[in-house]
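Please look over the chain shown below before reading on. The report that follows takes up its surface, its strands and a few of its side-chain pairs.

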Amino acid sequence: MNTETTESSEWKKNIEIAVAPRYLAEQSSPEQAEYVFAYTVEVSNLGSEPVQLLSRHWIITDGNNHVREVEGEGVVGEQPHIPPGTTYRYSSGAILATNTGTMEGGYTMRAESGLVFDAIIHPFGLIHPSALH
């Protein structure tokens with residue numbers, strides 16, 4: 001049974017999330033199975049009222065299918081307010097034991113009207129450049 005309201009579904013369409021991952025060779029230690037990836041996230045509010053990013057939920061899967069979940073308030077120590085027509089941008093990182101992996105998840109958001117909804121972060125790859133050869 002789908003309990004999601006039409007209003008919540010509409011809000012999900014109003015939040016656009018883009019992620020740009022990159023491998024950090026200078027911080028990685030492949031000989032110790034530590035592959036460091038950074039990612040920059042842009043959260044765009046395409047709606048007509050302000051929203052606040054309340055919490056995050058990440059599912060991080062390495063090349064061995066080891067899954068780690070990360071949950072917490074906000075992002076990078078903030079619970080940003082995102083006015084209509086603007087984009088909030090931040091960078092963070094993840095360390096994998098393999099040279100490839102994926103991340104996906106979501107943000108719990110609250111519209112100024114009080115509606116709380118989840119914005120989906122679609123899966124994206126964390127890939128060491130040599131893994132593409």
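## Surface and overall build

The chain exposes about 7600 Å², and carbon and sulfur atoms supply 47% of that area. The model is a predicted one, and the values in this report are to be read with that in mind. Of the 133 residues of the chain, 38% count as buried, and the C-alpha atoms fill a box of roughly 50 × 35 × 25 Å when this is taken along the principal axes.

The secondary structure comes to one helix and eight strands, and from the N terminus on the elements run α-β-β-β-β-β-β-β-β. Among contacts between residues at least 6 apart in sequence, 65% join residues at least 24 apart. One example of distant positions in the chain is given by A25 and P129, which are 104 residues apart in sequence, while their C-alpha atoms are 9.6 Å apart in space. A25 is found in the loop between β1 and β2, and with a relative accessible area of 49% the residue A25 is partly exposed.

## A three-stranded open sheet

Strands of a sheet pair through backbone hydrogen bonds, either parallel or antiparallel. In this model, an open sheet of three strands has the order β1-β2-β6, and its pairing is antiparallel. The edge strands of this sheet are β1 and β6, each of which pairs on one side only. Neighbouring strands of the sheet are turned against each other by 20° on average, with direction ignored.

The pairing of β2 with β6 is in the antiparallel sense and runs over 10 bridges. Within this pairing, E42 stands opposite R89 in β6, and these two residues return in the next section.

## The salt bridge between R89 and E42

How many salt bridges does the structure hold by the rule applied here? The count comes to one salt bridge, and it is formed by R89 with E42, whose closest N and O atoms are 3.6 Å apart. The pair links distant parts of the chain, since R89 belongs to strand β6 (residues 87-96) and E42 to strand β2, with their positions 47 residues apart in sequence.

The two partners fall into separate accessibility classes: R89, at 57% relative accessibility, counts as exposed because the class begins over 50%, while E42, at 30% relative accessibility, counts as partly exposed.

## Aromatic pairs

A pair of aromatic rings is described by the distance of the centres and the angle of the planes. The structure holds seven aromatic pairs, of which two are described here. The rings of Y23 and Y35 have their centres 6.5 Å apart and their planes at 40°, so this pair is tilted. Y23 lies in strand β1 (residues 15-23) and Y35 in strand β2 (residues 35-45), so the pair ties together parts that are 12 residues apart in sequence. Both Y23 and Y35 are buried.

W58 and F124 form an aromatic pair that is edge-to-face, with 6.0 Å from centre to centre and 85° between the planes. W58 lies in strand β3 (residues 51-62) and F124 in strand β8 (residues 116-127), so this pair ties together parts that are 66 residues apart in sequence. W58 counts as buried at 2% relative accessibility, and F124 likewise counts as buried at 10% relative accessibility. Beyond the single pair, ring pairs link Y39, W58, Y107 and F124 into a cluster.

## Residues with a positive phi

Most residues other than glycine have a negative phi, and most peptide bonds are trans. Against that background, which loop holds N65? N65 lies in the loop between β3 and β4 (67-73), and N65 has a positive phi of about 65° although it is not a glycine. With a relative accessible area of 63%, N65 is exposed.

V76 also is not a glycine, and yet V76 has a positive phi, of about 40°. The place of V76 is in the loop between β4 and β5 (81-82), and V76 is partly exposed, with a relative accessible area of 45%.

How values were computed: Residues are numbered from 1 along each chain as its sequence is written. This is a predicted model: local features need pLDDT of at least 70, side-chain atom pairs count only at pLDDT 80 or more; totals for chains, interfaces and linings use all residues. Side-chain values use heavy atoms; hydrogens and water are left out. Rings of Phe, Tyr and Trp (its six-membered ring) pair if their centres lie within 6.5 Å; planes under 30 degrees apart count as stacked, over 60 as edge-to-face and the rest as tilted. Helices (H or I, at least four residues) and strands (E, at least two) are DSSP runs, numbered from the N terminus. Buried means under 20% relative accessible area, exposed over 50%, partly exposed in between (1.4 Å probe, protein chains only). A salt bridge is a side-chain nitrogen of Lys or Arg within 4 Å of a carboxyl oxygen of Asp or Glu. Two strands pair if DSSP finds at least two bridges between them. Axes are lines fitted to C-alpha atoms, for helices over the stretch in contact, and angles run from 0 to 180 degrees between N-to-C directions. Contact means heavy atoms within 4.5 Å. Accessible areas come from the Shrake-Rupley method with a 1.4 Å probe; for residues, only the protein chains shown count as cover.
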